[in-house]
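Work through the following exercises with the sequence and the structure side by side, and try each task before reading its solution.

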Amino acid sequence: GYRKGGYHAVRPGDQFAEGRYIAQRKLGWGTFSTVWLAFDTTSSIFVALKIQRSAVEFAQAALHEIEFLTAIAEGDPSNSKCVIRLLDHFKHAGPNGQHICLVFEFLGDSLLRLIKYNHYKGIELSKVREICGSVLLALDYLHRELRIIHTDLKPENVLLISTINPAKDPVRSEFSPILERPEGNPNVGVVANVNEKKLWRKAKRAVAKISERRQSMEGISLQGRSLEGIDVRCKVVDFGNACWVDKQLMDAIQTRQYRAPEVILGAGYSFSADMWSFACVAFELATGDMLFVPKTGKGFDEDEDHLALMMELLGKIPRKIATGGSRSKDLFDRHGDLKRIRRLKSWPLYRILVEKYRFSNTDAREFSDFLLPIFDFAPEKRPTAEQCLQHPWLKSSNLKPNHENRDVGLEKSQSGMN
Ligand code: ATP
Ligand code: MG
Ligand code: MG
């Protein structure tokens, strides 16, 4: 990591772009980079500073990401399409070489952390609807307006923008011990090596504000509280693997559990591969479990197990599709049956939601009506993001805006009798 060609070591207070950005604390890291919370002294806002590893392949990857992020920002001047905004980029010389740095708007926790905080129990359906709405808005923009396929949609790559509604916020009083706990975020507020007192005070005030907001959110979730009072909005991030629909560089795309069947089969892909991942994410938010977790077994590999799991949930892959990919011959016989996994146990989505996740019949029916068309084995038959945005399941969030709504209570008690 921290050597030639590797990550750039950063300490709180380090300056970037001739002192414009001041590092505060590490937010996360990935294969390509480390990401820091930084204070932008020019705009007086907090930003996420992604410092790419210096080796040439990482620099190339950063330039690739910048190409997409620039198109995204140019096409959305009002920053309202639920996609991460690139604010700036520059080169930074360090002891390990030149690092390309990307400056993003600062966002909150990922959906993966949200699911974890909720103890993998699944998130309230009204919240899942809101999150799905944001992600679909992003996908519609990327697909229809920009002709971009994200290719790596998963909970980790959707970050929350959380705002706590102060009027309904029980956190302030109940969780003040957590908010004040010093070990919560030890580096927040630390701005070393900065001489100008004024700047330091400004930075400290703003950091304190942000850390309060973030910690109060973590406070609620860690206590297993519902996310009541949080307006859930989010943005799609990580364009390191994105591609233009007519200029695809890779056959193997997507993170395993979110991978579409046509990708496994080597049958080509388009925007609809993102839609498959989207439906997997929606299921995971609502239940707390990944939908498909394929494993290698005796005599079969992950790909085969993955296809078997899909067929157990969704029925047999039509023969034409099963036998139509460049990898089909390895996996399927000429009848369209898997060669090495012969016995499948059918467990359809609706029944899983009711039997395993204890959804009410109404909730299960509405949710599976929304998801099943997206899980079509024929990619061209899947609804587009634009079409999904019109689906009644998403619209029902407008009819039931909150918990006080009497219709919701009625529906719950009815389903309880079913
Ligand atoms: P990957 O291996 O996932 O491609 P990467 O090196 O490309 O990693 P990112 O996924 O872009 O890095 O970012 C790494 C982590 O940094 C994220 O998972 C997230 O926790 C955090 N992060 C990234 N961007 C932001 C942001 N704008 N605001 C807050 N945190 C962020
Ligand atoms: Mg990532
Ligand atoms: Mg990346």
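**Exercise 1. Find which residues have the most contacts inside the largest nonpolar core, and which helix gives the largest share of this core.**

Solution. In this predicted model, the largest nonpolar core has 97 residues, and those with the most contacts inside it are Ala38, Leu49, Val135, Ala279 and Ala282. The next step is to ask for the source of these residues, and the largest share of the core, 12 residues, comes from helix 8, which covers residues 271–287. As background, nonpolar side chains tend to be buried together in soluble globular proteins.

**Exercise 2. List the residues in contact with Val135, leaving aside its neighbours within four places in sequence.**

Solution. A contact requires C-beta atoms, placed from the backbone, within 7 Å. With the neighbours within four places left aside, Val135 is in contact with Cys82, Val158, Cys234, Val236 and Phe278.

**Exercise 3. Describe the shell around ligand 1 by its nearest residues, its elements and its classes.**

Solution. Begin with the 20 residues around ligand 1, of which Gly28, Gly30, Phe32, Val35 and Ala48 come nearest. Strand 2 (21–29), strand 3 (33–40) and strand 4 (45–52) are the elements that give two or more residues to this shell, and strand 2 gives the most, with 3 residues. Sorted by class, the shell has 11 nonpolar, 6 polar and 3 charged residues.

**Exercise 4. State how many helices and strands the protein has, and what percentage of its residues is buried.**

Solution. Counting the elements gives 16 helices and 10 strands, while buried residues make up 39% of the 418 residues in the protein.

Conventions:
Residues are numbered from 1 along each chain as its sequence is written. Chains are lettered from A and ligands numbered from 1 in the order in which they are written. This is a predicted model: local features need pLDDT of at least 70, side-chain atom pairs count only at pLDDT 80 or more; totals for chains, interfaces and linings use all residues. A residue is near a molecule or strand if its C-beta atom, placed from the backbone, lies within 6 Å of it. Helices (H or I, at least four residues) and strands (E, at least two) are DSSP runs, numbered from the N terminus. Ala, Val, Leu, Ile, Met, Phe, Trp, Tyr, Cys and Pro count as nonpolar, Asp, Glu, Lys and Arg as charged, and the others, Gly among them, as polar. A residue is buried if 20 or more other C-beta atoms lie within 10 Å of its own, exposed if 12 or fewer, and partly exposed in between; C-beta atoms are placed from the backbone. A nonpolar core is a set of buried Ala, Val, Leu, Ile, Met, Phe, Trp, Tyr and Cys residues joined through C-beta atoms within 7 Å. Two residues are in contact if their C-beta atoms, placed from the backbone, lie within 7 Å.
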